[in-house]
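Please open the model in a viewer and keep the sequence panel visible. The tour below proceeds by selection, and each stop states what is to be found there.

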Amino acid sequence: MTGSGAVTFLMLLVYFLLPTLLGTVLAWRLVPLSGPGRWTLWLGLGLAFGMALAAGSIWLLDLLGWPFARTALAGMLAMLGLAVLLLVYLSVRFLRGKGAWPAATDASSAQAGNPPWARWLVWGLAVLVVLRFISVLPDALMRPVFPWDAWKLWAWIARVWFETGELVLLLPQSDWLHAAGDEYVRDGVHHPTFVPLLMLYPAVVVGAWDDSLIGVAWLVAGLSSVMIVHGLLRHLGVAQWISWLGIYLLVSAPLFATHIALFGYADLWVMLYMLVFGLGLMLWVRHRGWQSLLVMLFAGVMMSLAKDTGVYWVPVLLLAWLATLMSNRQLILVLAVAGGLAGLLWLVGVDPLLWLSSDRYSLEARISAEGVMGIAHHLFVRQDWHLAWYLLPLVFALAIWRAGAAPELRGLLVLSVLATAYALAGFVLTRAAVYAADGTLFSRIVLQLYPVLVLLGVLVLWQFLRDWQPGSQP
C-alpha cells in the first residue's frame, strides 16, 4: 500500500469509526441492558445508529451551506468533539445510577445451554461465519458499483452531488428534453435519499470518487445485523451455541451475502432497520421502556428513508406494536375489522394501497396465478435461501403453540406473520405479481424480513429444547 493509499484508508476508517462511536454510546445510554449479549447488541445497534448519523452529517453540512471539499479535516474534528462531549455527558448520567434491564436466565436455560459439544460447535460456526464475510471482502472493497439499480439510481445521484459539491435537486427523467444545462435528471424520483448519502459519505471523506469505497457501508450493515441477532438472542437467555446457529442461518443465506458483495441496493438497509424494529418490539414486550418506543420509531423512519417500499411496511409495524397491547381475541377482532374496512373501501372505489404507494400499486380484482407460481419457484425451488421456507410453516405452528408462555415470542410471531402475509399478498394481488414471475424483486423484498424470521425460528428451537429438559415446565 502506498503512502497516499494508507492515508486514504486511515481517513476512511476514522470517519466510519466516529459515527459508530457516537451510535454505540447512544445505544448504550438508550438501551440499559445487563447480562449476556449486551455489548454485542450495543455495538450492533450502534452501527445502525452510526450509519444514520453518517448520512445525516452530509445532509446537515449541505443544509448549513458548507461545501463538501472543506469537510475533510473540520468535519472530523467536529464529529470527534461531539463524540467526546456526548461520551462525557452520558458517562456522568450513567454513573448517577440507573436501573438496567435484566437478561433472561433460569435453571432450565443453563441446563439446556451447555452440552459437552457446544463449545466446539460455537467455534465451528464462528469459523464459517468469518469465512463467509472474508469471501465477500474482495467484492465489497474492490469491485465498482455493479448492480443495475445501484448505478442507475443511487450511485448516479451520489456522483452528481459529489461533482457539484452540493445536494442539488434532480428532475424526473421525463424532463430531460427541456432541462437547463446546469440541471440534472434522474430515474426513480420517488426513491428517498438515504442510500445516495451513504454512497457520498466516503467520497467526501477522501476527497475523491471511488466506487470501491462504497461497499464499506454495506459490509457494516451486514456486521450490524449479525451483532443485533446475537446480542438479542443472548439477552433473551438463548444458549451461546444456538445464538451462533442463528448468526450462521443469517450469514449463510445466499441473498444476504450477495447484497453485501454486490453492494448498492437499498434492500439490505430496509432489512437492517426492520431487524432494529424487531429488536425494539421485543425489548418493549419484555421491559415496557420508553426507550424501546424510540428504537421502534427510529427503525420505522429509517426504513421509510432507505427505500420507497420501506414506507409500505409502516402499517405492519404499527399493527405489530398495537398487538403487544391486545389480547389474542382483541387482535383477531382488529385484524378482521381492518380487513373488512379495507375491502369495503376497495368496493366503493377507494384503494388504500394506491394511496400508500403514491399511485404506484393498486389492488387487483383477481389473484395472479403467475405471481403465485413465481413465489413458489423463489421459495421452494431456487436456492436464494437454502430452501429454508419448507420449515417456515412448522416454525409458525410451534411459535403459536409456545406464544402463550413467552410474550417476546408472541410479539415476534405477530410481526413475522403479518410481514410474511403482507409481502405475499402484495405479490399476488397487485401488478407486482409480474416481479415475482420474472424474478426481479420478490427475493429482495423477502430479504427485508428474513432476519426477523431467523430470530423467530431460533427462539422456537430454543423453547423446544428447553422444554425437553428433565424437570422443565412446558
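Begin with Arg-288: at 40% relative accessibility, this residue counts as partly exposed. The model is a predicted one, and every stop should be read accordingly.

**First stop: the loop at Arg-288**

Arg-288 is located in the loop that joins α11 (267-287) to α12 (290-306). Display its backbone torsions: phi is positive, about 55 degrees, although Arg-288 is not a glycine. Most residues other than glycine have a negative phi.

Now add Gly-289 and Pro-32 to the selection. Their C-alpha atoms are separated by 9.7 Å, while 257 residues separate them along the chain. Pro-32 belongs to the loop between α1 (3-30) and α2 (38-63). Is Pro-32 buried or exposed? Its relative accessibility is 7%, so Pro-32 counts as buried, the cut-off being under 20%.

**Second stop: the whole chain**

Zoom out and colour by secondary structure. The chain contains 20 helices and two strands. Of its 474 residues, 51% are buried. Consider next the contacts between residues at least 6 apart in sequence: 79% of them join residues at least 24 apart.

**Third stop: helix α5**

Select residues 118-142, which form helix α5. With 25 residues at 1.5 Å a residue, α5 should span 36 Å, and its end C-alpha atoms are 37 Å apart, which agrees. Where does α5 bend? The bend, of about 40 degrees, is at Val-136, and a proline, Pro-138, follows within four residues.

Show side chains for Ala-118, Val-122, Leu-125, Ala-126, Val-129, Phe-133, Val-136 and Ala-140, which are buried in α5. Val-136 is thus both the site of the bend and a buried residue. To see what covers these buried residues, display the surroundings, which include α8 (215-235), α9 (240-251) and α10 (254-261).

**Fourth stop: helix α6**

Move to residues 148-164, helix α6. Its 17 residues reach 23 Å from the first C-alpha to the last, close to the 24 Å expected at 1.5 Å a residue. A kink of about 40 degrees is centred on Ala-155. Immediately after the helix comes Gly-165, with a positive phi near 80 degrees.

The buried residues of α6 include Asp-149, Trp-154, Ala-155, Ile-157 and Trp-161. The partners against which the buried residues of α6 pack are β2 (185-186), α7 (194-206) and α20.

Centre the view on Ile-157, which is part of α6. With a relative accessible area of 1%, Ile-157 is buried. Beyond its neighbours within four places in sequence, Ile-157 contacts Leu-170, Arg-186 and Pro-196. Measuring from C-alpha to C-alpha, Ile-157 and Met-199 lie 9.2 Å apart in space, with their positions 42 residues apart in sequence.

**Fifth stop: helix α20**

Follow the packing of α6 to α20 and select residues 442-467. The 26 residues of α20 should span 38 Å at 1.5 Å a residue; the end C-alpha atoms are 36 Å apart, which agrees. Helix α20 is mostly covered, with 22 of its 26 residues buried. A bend of about 45 degrees occurs at Leu-449, and a proline, Pro-451, follows within four residues.

Leu-449 deserves its own selection. At 4% relative accessibility, Leu-449 counts as buried. Which residues does Leu-449 contact, leaving aside its neighbours within four places in sequence? They are Met-274, Trp-313, Ala-419, Thr-420 and Ala-423. Add Leu-272 as well: it is 177 residues from Leu-449 in sequence and 9.0 Å from it in space, C-alpha to C-alpha.

**Final stop: the largest pocket**

Switch on a surface or pocket display. The largest pocket holds about 1,300 Å³ of space, and 37 residues line it. Select Pro-315, Val-316, Leu-353, Leu-356 and Tyr-422, the lining residues nearest its centre. Two or more lining residues come from each of α13 (314-323), α14 (328-347), α15 (352-356) and α18 (407-426). The largest share, eight residues, is given by α14.

Finally, colour the lining by residue class. How many of the lining residues are nonpolar, polar and charged? The lining of the largest pocket has 31 nonpolar residues, five polar and one charged.

Key. Residues numbered from 1 in each chain as written. Predicted model: local features only at pLDDT ≥ 70, side-chain atom pairs only at ≥ 80, totals over all residues. Heavy atoms only, no water. Expected span 1.5 Å × (residues − 1). Bend = angle between axes of the 7 residues up to and from the residue. Buried < 20%, exposed > 50% of the residue type's maximum accessible area, 1.4 Å probe, protein only. Contact = heavy atoms within 4.5 Å. 1 Å grid on protein atoms, 1.4 Å probe; cavity = no way out; pocket = protein on both sides within 12 Å on 5 of 7 lines; lining within 4 Å. Points joined across faces, edges and corners; volume = space filled by probe spheres on them. Nonpolar A, V, L, I, M, F, W, Y, C, P; charged D, E, K, R; others polar.
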